[in-house]
Every structure is written in structure tokens, then in C-alpha cells.
Amino acid sequence: MTLDWPTLLPLIFAGLMGLAILVYVVLDGFDLGIGILFAASDAHEKDTMIAAIGPFWDANETWLVLAVGLLLVAFPVAHGVILTALYIPVFVLLVGLILRGVAFDFRAKVPVHRKKRWDALFCIGSLAASLAQGYMLGVYVLGLETGLPAIGFGLLVALCLAASYAAMGAAWLIYKTEGDLQRKAVRFLRSALVFTAVGMVAVSLATPFASPRIFEKWFTWPEIALLAPLPIVTGAAFLGLWLLTFRMPAPGDRHAITPFLTLAAIFALGFAGLAYSFYPYVVPDRLTIWEARPRPKASPSSSPARRSCCR
Amino acid sequence: MDALILSRLQFAANISFHILFPTITIALGWVLLFFKLRYNATGDSAWMRAYFFWVKVFALSFALGVVSGVTMSFQFGTNWPGFMEKVGNIAGPLLAYEVLTAFFLEAVFLGIMLFGFRRVSNRVHTLATFLVAFGTTLSAFWILALNSWMQTPAGFEMRDGVAFPVDWWAIVFNPSFPYRLVHMLLASGLTVAFLVAGLSALRFLAGDRAESMWKALRTGVFMGAALIPVQIFVGDMHGLNTLEHQPQKVAAMEANWETRGNVPLVLFAWPDEKARENRFEIAVPNGASLILRHSLDGIVPGLNDYVGEHPPVAPVFWGFRIMVGVGLAMLALSWATSWFLWRRGAMPKLLAYAYAPMAFSGWVATLAGWYTTEIGRQPWLVTGVLRTEEAVGPVAASNVGFTLAIYVVLYIVLMIVYLGVLTHLALKAAKDGDQSPMPGVEDRALAQPMAGE
């Protein structure tokens, strides 16, 4: 592999896109999660919860636009393949994001007796968007399969990702609030953590077993030894966080930010695992990041040499 | 119906819904900055009340713009993968610049603008207001650069069926871009001028005589009166630019079936594409020749030169007439009202009754104008480079139809709620007047500069 621009540029773009997705998942994760937790909170708590994310959600969502934008700019071919394959879940995601985005503003501005309706839509929209993202992740790791098992697996991951967003939301509330709501958030976090763990285990197992190529990458010597810290550290982080929830809230609100940071670290570790598994493919086992570049019509497998000069 | 027409309808529905909100936020950002600067200069709390009322409208419009904009960025991939495959080298970077330079600027400083008054210093809050306005305008710059490039592509070369950039300066400042950008920014200004004046007129009719209502009303009326003649002039120049670069679009706008001199200006007609003639035509002799060529016998291109290559005539013809008609109504109303406000210092009830329903006239004109120019580009997606039918994706028509139906229902509901909330906010403000206490944070803050009064 020579290090010239046509080789490097896709790598840089892939890195940036991965970073944008990770930042999006962590940041929008907590405000989507708070939307999900709306289902189990009273009117006063809802106002506090909204206040905790008010200034942030717009900027958080921008990372999604950036990630999709990078996919579009850097890998137009993959953009088309992935998004047409995920047509319906993308649609659910978008409707969910629309509903929650407008509900966020409408709930504060409609006449008081209609506020409940928009609270419900905020919750439903957040849930739908989270489920859709999870479903897409599930189907993606199975290589954009469309059979019944893939759908079933997609649904499982959908539930787990929604739960992990709820965990993020709860962790954010622990950081941002106090008193009853904070104690409640600790309980939310503990329950949601279980599903988060199930989801991560499921994705971690499904990824290598769905693709012999990825299996190779993990379960051969010496890779297996070099990669062992990844699952071990993740597991330790889970365990530590789980134990911490029994001692929260701590006196003087110490460690209030710790659950959120730990969860962010867990997300990053899981993401690193996925990135390692799929590299260099942007569409699993079909298109590498170099093949998915804008290119002349001819051979899909040829090197990306064409597109170098004009930027 | 097949996936092509359904995808087109879906994209049209999404982008029509989306454009309404940027049209408001682009210019409303600057109006808010104006309110804020007047407050800074005078210390008059009525300016700040006007700010707080309109910043709510801004937040609402911004949220709707963001969520419908996210939808658009996905739809390139879900419905039109051929677009990015063929011209992605040019469209991609322009969209990326939009996201990077503008969207982040808006999204980050919007938080300070909405939540930061008196939590940050007044100067920082003013700066945030400026940066949000600047960011929305920068967004418009990049998006219109892309759209104009699709209308009048320049600065690229085709290699193996894919467009490659050659000269970025020529790509961004392509022939129709300066005209389209100014035309759209003015359209945004007019939309906001009539929205501000229209909602203020509604408050006036509800019995509100508060100082903040008057300030917003005057701002809206005078702004509209000042911008509309500029817009008519710029629109004319934009039309001449289109005549030069996309003559088939102008031929459709004028429903002119035959290239010749002494072409009449058709005021009303039913263009019949089968017979290739106008029915029920009412026309001013030599009018089109005079407007487009500035002489009575000037040659105006006709649709006969572009058989099979020109856009559908009726929607372009009507879109253009609706836009111009609304523009003329704007001119009449804003000048009449300005005269009364300026010379008599009063708002006649009759004019208020006319203004309130004109609150959203800018939307009508903007949409009609965009339909004219976008349908007028057909059958091309990128003029001379990519036909619309070549770009559509391999998604089943049933999927596209199903999602289209839900989008349309969703957008209709959201539109009703949006209009309802704006009316509710206006009537609530009218009822409370300027006597009601401002919310806690704001009240404490406003007490400082008002101490000297």
C-alpha cells in the first residue's frame, strides 16, 4: 500500500466519518435517551429534563447531518447503497427526529392543556429514532441482509440501543439534576445498563459469526491476544459502573459526571471494535472505502487512482 | 404511478416544506439583531420585548427547518443515488461547506441566543445573535451555489460520465448564482417583513396597543416597503439572466410557443401542451418583447425550438404569475400602510385587516418562484449533464408511495400546528400587553439598563 493522496484521502474521510458518528451517538444519545425516559416521569420532572438538554439538542443533531454529509461527500456510492437498502428504517428515523424536534419547541409554546400531547410525541419520536438507529446497526453488521433472521436481530439491537440511549439519558440526568429526579435516574441507569450489556454482547458475537472474514480478524493468533483488552476493559467498565450505581448519589454529589463519561467510554470501545471489524469495508464485505469513492463508471474493483488531481 | 414520479413528488414535498422555514430564519435573524441593537442603543425595554416575542418564532422555525433539513440530507441517498454518483464531486463539497461553516455556527450559537440572555454578558449575547444571523445567511450562500450550479453548471469537466471540478471559483460563482442568491435573500427579507407586520397587525386587531407591537409593526411595514421595489428590479435582472442561460425556461414562463418578435405579454391563459397553444389567452401586445428585449419587436425564444426538451408549461407559467401577483400586492399594501404610518402616525383598521392575512404571503411567493425555477429546469436535474430520470434510485414504488403519504400527512399536521402556535403566541402577547412581568431571568436583567428611566 503506497501512501499517496488517493489512498490516504478515503482513510481520512473514513476516520472523520467514524468520529462524527461516535460523537453523534454519544451526544444525541443522551438527549434521545431523555426523551425515552419521558415515559416514566411526571409533568414537573419533564420540565427539568427538558431544561437539562435545551441548549444542546440542536448542536447534537448537527453531528448526524455531518456524518451523513461525509458519507455523501466521500463515499457517494456507499451512500446510495446503504440508504436505499435501509429505506424504511431511515424513514422511521427521520419521522422520529422530526416529531421530537418539533415537540421540543411546541410543548413549551402551545396552550397548556395541549402540552401533554407534545410530551407524548417527544417520547414517541425519541423512541422511534433510537429504535430505527439500533435496527440499522443490527442489519448493517449482518451485511445489510434482508431475511427474517436479520430482521429479528435488527429488532433485538433496536431494543438494546434504545435502552443504552436511555442509560445515557439517565447518566446525563444524574449529572445535571439533584434530589428525587437524580435518585430516579440512578434506578433508570441500573436497569438500562443490563440491556445495554446484552446488546453489546449480541452485536459483538453476531459480527464475527456473520462474516468469516471478520471471524478471521479476531480469532487468530496473535490478534486474539492483542485485542483481548478491548472486551476486558469494556466488561470492567460495565461492572464498575454497575457497582457505582449502588453508591449513588454520593454525598456532595461527587462522581456525578462519572456514569456519563464511563458510558461514553463504553460506546467508544464498542465503536472501536466495530471499526476494526469492518475496516476497510464501508458496505460490509461488498465495498471498501476506496471502491466507494466517486469514480469513473468503469471497473468497481480498480484502484482509486483516477480521482486525485482536482481538489 | 412509478417510483420516479413518486420520488419527485416526495422530494418536492420535503423541500417545499423545508424551504418555508429557512426563508423565515435567514432574515428573521437579522431582524432580531436589529431589535437587539436598538435595545442596546436606547435601553428601551420594548425593543427587548419585541426580541423575546420574535426569538420564540425564530426558535420554532429553526427547529422545523433543522428537522426537515435532516430529512433532505438523507433523501439524496435514499431516493436519488444517481445524483451523487454523477455530480457528487461538486455537490458533495458544497453541501459539506454548508454543514461545516454555517450549520455548526448556527447550532452552537443558537443555544446562547435562546438561553444565554443575562447568563452571558450582553455583548456576547449580541454577538451570538449576529453569528446566528450570519450563519443562516452563509447556509443560504452554499445551498444556492449548489442549486445555481445545477441550473447553470460551470467550471467542471466530464470524465467517463462523472463530473470533475476544474475551477471552484467558476463553480460557486456560476452564471445564475449572484442573481439567484440576491433574489432569494430579498425573498426571505420580504417574507419576514410581512410575517412581522402581519402578526403585529393581528395583535393590533386584537386590541393590543403595546409599544413592542408598534415597534415590530413599523419595522415590518417599512422593511417590506423598502425591499419590494429592490426585489422587483432584481427579479427582472434574474429573468434576463435566465433568458440568456435557460431560454427554454423563459419560453415556458411566458407560454410563448413560437420564436418571433412582437411577442405579447400573456396575462392569463391555459397553456395546452397537446395543441401547443394557449387557450383563453388575455395578453398585452408586444409586452413580452418589451420586458425581455426592451424593444417592441425584440425576438423572444419560443418553445418550438425545444420540442421534447422544455419543461411542462402550465406549472412554470402559473408559478411565475402567482409570484409576480403576490409581489404586486405586497408593493401596494406596504406602500399604502407606510404612508399612513409615516404621515399620519396611525394604522387604519382596514389596512390591518389586509395585513393580517398577508402574514404568510412571502411563503406563497417564495414557493411559486421556486416551482417556476425548479420545474423550469426539467427535464434536467443538472442542466445538460444529468436528466432527472437517470438519478432515481432502485427503491420499490410502493415504499416510496407509502413514505410519501406519511410525510405529507405529517407535514400538513405540523403546518397546522405551527400556524396555530404562532397565532396563539400573537394573541397571548396581545392579551398580556407590555404590562405583564417578563420571565424571571429576563426581568432581573432588564432592570439594570432601565434603572435610569
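# Exercises on a predicted two-chain model

Cover for the buried residues of H12(B) comes from elements of chain B that include helix H1 (3-42), helix H6 (177-205), helix H8 (247-253) and helix H10 (313-344). The model is predicted. The exercises start from this helix.

## Exercise 1. Helix H12 of chain B

Task: Find how many residues H12(B) has, how far it reaches, and how many of its residues are buried.

Solution.
- Step 1. H12(B) runs over residues 361-375, which is 15 residues.
- Step 2. From first C-alpha to last, H12(B) reaches 21 Å. The expected span at 1.5 Å a residue is 21 Å, so the helix is close to expectation.
- Step 3. Apply the burial cut-off: 20 or more other C-beta atoms within 10 Å. In H12(B), 11 of the 15 residues pass, and the helix is mostly covered.
- Step 4. Name some of them. The buried residues include B:Trp363, B:Trp370 and B:Glu374. B:Gly362, B:Thr366 and B:Thr373 are also among them.

## Exercise 2. H10(B) against H12(B)

Task: Describe how H10(B) and H12(B) pack: at what angle, how far apart, and with which hand?

Solution.
- Step 1. Two packed helices are described by the angle between their axes and the distance between the axes.
- Step 2. For H10(B) and H12(B) the angle is about 150 degrees, and the axes are 8 Å apart.
- Step 3. Angles over 145 degrees count as roughly antiparallel. H10(B) is therefore roughly antiparallel to H12(B).
- Step 4. The crossing of the two helices is left-handed.
- Step 5. Find the contact residues. H10(B) contributes, among them, B:Pro315, B:Gly319, B:Phe320, B:Met323 and B:Met330. H12(B) answers with residues including B:Ser361, B:Ala365, B:Ala368, B:Gly369 and B:Thr372. These five residues of H12(B) are also listed as buried.

## Exercise 3. One residue of H1(B)

Task: Place B:Leu37 in its helix, and state its exposure.

Solution.
- Step 1. B:Leu37 lies in helix H1 of chain B.
- Step 2. B:Leu37 has 14 C-beta neighbours inside 10 Å, so the residue counts as partly exposed.
- Step 3. Relate B:Leu37 to B:Met48. The two are 11 residues apart in sequence. In space, C-alpha to C-alpha, they are 9.6 Å apart.

## Exercise 4. Where the chains meet

Task: Which elements of chain B touch chain A, and which gives the most?

Solution.
- Step 1. The contact takes 51 residues from chain B and 41 residues from chain A.
- Step 2. On the side of chain B that touches chain A, the elements giving two or more residues are helix H2 (45-79), helix H3 (81-115), strand S2 (162-165) and helix H14 (397-432).
- Step 3. H3(B) gives the most, with 17 residues.

## Exercise 5. The two chains overall

Task: Give the elements, radius of gyration and burial of each chain.

Solution.
- Step 1. Chain A has 12 helices and 2 strands. In chain order the helices precede the two strands.
- Step 2. A compact globule of 311 residues would have a radius of gyration near 19 Å; chain A has 21 Å, which agrees. Its C-alpha atoms fill a box of roughly 60 × 45 × 40 Å along the principal axes.
- Step 3. In chain A, 50% of the residues count as buried.
- Step 4. Chain B has 15 helices and 6 strands. Its radius of gyration is 23 Å, close to the 22 Å of the globule rule for 453 residues, so chain B is as compact as a globular protein of that length.
- Step 5. The C-alpha trace of chain B spans about 70 × 50 × 40 Å. Buried residues make up 51% of chain B.

Note on methods
Residues are numbered from 1 along each chain as its sequence is written. Chains are lettered from A and ligands numbered from 1 in the order in which they are written. This is a predicted model: local features need pLDDT of at least 70, side-chain atom pairs count only at pLDDT 80 or more; totals for chains, interfaces and linings use all residues. Helices (H or I, at least four residues) and strands (E, at least two) are DSSP runs, numbered from the N terminus. A residue is buried if 20 or more other C-beta atoms lie within 10 Å of its own, exposed if 12 or fewer, and partly exposed in between; C-beta atoms are placed from the backbone. Two residues are in contact if their C-beta atoms, placed from the backbone, lie within 7 Å. The radius of gyration is taken over C-alpha atoms; the globule rule is 2.2 Å times the number of residues to the power 0.38. Axes are lines fitted to C-alpha atoms, for helices over the stretch in contact, and angles run from 0 to 180 degrees between N-to-C directions. Angles under 35 degrees count as roughly parallel, over 145 as roughly antiparallel, 65 to 115 as roughly perpendicular and the rest as oblique. A crossing is left-handed if the near helix is turned anticlockwise from the far one by less than a right angle, and right-handed if clockwise.
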